[in-house]
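Q: Take the labels used for this model one by one. Each should be set against its cut-off.

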Amino acid sequence: MAKKPGPRPSKLSVYLYIPNIIGYIRVLLNCTAFYLCFSNKILFSILYFFSFVCDAVDGWAARKFNQVSTFGAVLDMVTDRISTACLLVVLSQVYRPGLIFLSLLALDIASHWLQMYSTFLLGKASHKDVKDSTNWLFKAYYGNRMFMAYCCVSCEVLYLILFYLAGNQTEKLVDILTINLQKMSIISFLIATSVFGWAIKQVINIIQMKTAADVCVLHDIDKKHKQ
């Protein structure tokens, strides 16, 4: 005998899923962090990084309590992208040339937007489903959680360190990196270890953007062919 489906959850109950509540907390943490970013850099860094850590916690909670939801996945990605975007905008105001950070922002948004849209076109449940990709680095990134976590954490740590080191609005990015890498300190060690992961993340963003754009173009070609 087929098992009868359970009662349909209400709309409010989905909004109140534990991982989604964690997502709302992340939003509040980020809002508070950026409100304080220029008046208290240390507290800003703590709140921002704690929000970033909660990104892993909400994913664990979704699987643990069987509360995986499309809304939760979208909330998670939007929170990630907006928080990183805000930090990059702030960095563009305290470093020269600021265009570097605005270009990184554009790349991050474009690659993830295209990836999400191509996921829907292919009918996949997750934008992390890249098993059919022919690029080994792209598959390794989404296929290995530890590798992906290292790259993502590296980006956020590098950006936070750069913001912490910025003294005024005329800092040159190359000078700050050169001076601090020459020192034997925890800061120089964190910069050195995070730059590699940051670089891989940018390469992944480029690969992701090109791969997703190809999916969109092939979808258009197939649609034209069927007409």
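Q: Why is Lys131 called exposed?
A: Lys131 has 65% relative accessibility. Exposed means over 50% relative accessible area, buried under 20%, and partly exposed in between, with a 1.4 Å probe and protein chains only. Lys131 therefore counts as exposed.

Q: What kind of model is this?
A: This is a predicted model, in which local features need pLDDT of at least 70, side-chain atom pairs count only at pLDDT 80 or more, and totals for chains, interfaces and linings use all residues. Residues are numbered from 1 along each chain as its sequence is written, and side-chain values use heavy atoms, with hydrogens and water left out.

Q: What makes Asp129 and Lys131 a salt bridge?
A: The closest N and O atoms of Asp129 and Lys131 are 2.9 Å apart. A salt bridge needs a side-chain nitrogen of Lys or Arg within 4 Å of a carboxyl oxygen of Asp or Glu. The pair of Asp129 and Lys131 qualifies. Asp129 itself is partly exposed, at a relative accessible area of 25%.

Q: Which residue meets Lys124 in a salt bridge?
A: Asp132 does, with an N to O distance of 2.9 Å. Asp132 has 55% relative accessibility, so Asp132 counts as exposed.

Q: How do you know that Lys210 and Asp214 pair within one helix?
A: Both lie in helix H9 (residues 186-226), four residues apart, about one turn of the helix. A helix here is a DSSP run of H or I with at least four residues, a strand a run of E with at least two, and both are numbered from the N terminus. The closest N and O atoms of Lys210 and Asp214 are 2.8 Å apart, which forms a salt bridge. Asp214 is partly exposed, at 32% relative accessibility.

Q: How many salt bridges are there by this rule?
A: The count comes to seven. Arg26, Asp55, Asp76 and Asp80 are linked in a network of them.

Q: Why is Ser188 called buried?
A: Ser188 has 7% relative accessibility, so the label is buried. Ser188 sits in helix H9. Beyond its neighbours within four places in sequence, Ser188 is in contact (heavy atoms within 4.5 Å) with Asn180, Leu181 and Lys183.

Q: What makes H6 roughly perpendicular to H7?
A: The axes of helix H6 (residues 136-143) and H7 cross at roughly 95° and come within 5 Å. That crossing makes H6 roughly perpendicular to H7. Angles of 65 to 115 degrees count as roughly perpendicular, under 35 as roughly parallel, over 145 as roughly antiparallel, and the rest as oblique. Axes are lines fitted to C-alpha atoms, for helices over the stretch in contact, and angles run from 0 to 180 degrees between N-to-C directions.

Q: Which residues of H6 and H7 meet?
A: Leu137, Ala140, Tyr141, Tyr142 and Gly143 in H6 meet Arg145, Phe147, Met148, Cys151 and Cys152 in H7.

Q: What makes a set of residues a nonpolar core?
A: The members are buried Ala, Val, Leu, Ile, Met, Phe, Trp, Tyr and Cys residues joined through side-chain atoms within 4.5 Å. The largest such core has 30 residues, and Phe44, Leu87, Leu91, Tyr95 and Phe101 touch the most other members. Helices H2 (18-36), H3 (41-64), H4 (70-94), H5 (99-122), H7 (145-165) and H8 (173-181) each supply at least two residues of this core. H7 gives the largest share, eight residues. A second, separate core has 10 residues, including Leu137, Tyr141, Met148 and Cys151.
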